[in-house]
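Please follow the structure below from its beginning towards its later helices. A few residues serve as stopping points along the way.

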Amino acid sequence: MPSICDPQYAPAGDVGAALMLIDSRLKTIQAGKSRTDPEQRALMGRFTDSLDAEAANDVLDGACTLIFMFMKWLREAYAAHDKDVFAYVVPNVVGTMRMMPKSVRPEAIPTMAGLIIAAGADLSPSLWRKQYGFWTEAEMNPLEVTAFLLADHINRLTDDPDFATRLITDALSSVDGD
């Protein structure tokens, strides 16, 4: 019997907007900056402020789709080397989040770990999370951090700073081409 969290039932959301936010963070860190510059922050702020409730939910679903796609890739990559994705990814992401108390409050970490585990178990992170109610404001930054850390993990594994972004853009291009 299919799970209520089966990805086939999940909305993809606005993957492009979510990817833009994550890629922007990746580029900032790769450039050796700890924070985005004021102009970029203002642009991102205007973008997020322009979203109505439906568009904001689409970006949330898009971020969950990114997490799902990143974990799918990681699961396959680790399996190719007879390694368990959970043993390598979850401790890495959770440990990193624990070192970011200003960005990720401790109470959000179990939810973000659950999203990663759901995605690694081939379940929709979005549908898994919806079982527990509406997203909270306190989960927005941790969600972005989770997607960012997974993308960064992929980029480090492949030794390619753009691999995770290209992985998604190639997948989106193939969908557009069908």
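**From the first helix to the loop after helix 7**

The model is predicted. A starting point is D14, which sits in the segment before helix 1, a helix that spans residues 15–30. With a relative accessible area of 33%, D14 is classed as partly exposed, because that class lies between the 20% limit for buried and the 50% limit for exposed. D14 also belongs to a negative surface patch, together with D52, E54 and D58.

The next residue to look at is V15, placed in helix 1. Is V15 buried or exposed? Its relative accessible area is 6%, so V15 counts as buried, the limit being under 20%. Which residues does V15 touch, once neighbours within four places in sequence are set aside? The contacts of V15 are G62, T65, L66, I168 and L172. Of these partners, I168 and L172 fall within the range of helix 8, residues 163–177, while G62, T65 and L66 fall within that of helix 3, residues 53–79. The distance from V15 to M1 is also given here: the two C-alpha atoms are 28 Å apart in space, with a separation of 14 residues in sequence.

Backbone angles come next. Most residues other than glycine have a negative phi. D82 is not a glycine, yet its phi is positive, at about 55°. This residue is located in the loop that runs between helix 3 (53–79) and helix 4 (85–98). D82 has a relative accessible area of 76%, and is therefore exposed, the limit being over 50%.

Where is D159 placed? D159 is in the loop between helix 7 and helix 8, the latter covering residues 163–177. D159, which is not a glycine either, has a positive phi of about 55°. Its relative accessibility is 71%, so D159 counts as exposed.

Helix 7, residues 140–158, holds N155. At 5% relative accessibility, N155 is counted as buried, because the value is under 20%. What is N155 in contact with, apart from neighbours within four places in sequence? Its partners are L26, Q30, D160, P161, D162, F163 and A164. L26 and Q30 are in the range of helix 1, residues 15–30, whereas F163 and A164 are in that of helix 8, residues 163–177.

To recapitulate, V15 in helix 1 is buried, and N155 in helix 7 is buried too. D82 and D159, by contrast, are exposed loop residues.

Conventions:
Residues numbered from 1 in each chain as written. Predicted model: local features only at pLDDT ≥ 70, side-chain atom pairs only at ≥ 80, totals over all residues. Heavy atoms only, no water. Helix = DSSP H or I, 4+ residues; strand = E, 2+ residues; numbered from the N terminus. Buried < 20%, exposed > 50% of the residue type's maximum accessible area, 1.4 Å probe, protein only. Contact = heavy atoms within 4.5 Å. Patch = residues over 30% accessible without salt bridge, like charges linked within 9 Å, V, L, I, M, F, W, Y side chains within 5 Å. Areas by Shrake-Rupley, 256 points an atom, 1.4 Å probe, with all protein chains shown as cover. Salt bridge = Lys/Arg side-chain N within 4 Å of Asp/Glu carboxyl O. Lys, Arg positive; Asp, Glu negative; His and termini not counted. Charge placed at Lys NZ, Arg CZ, Asp CG, Glu CD.
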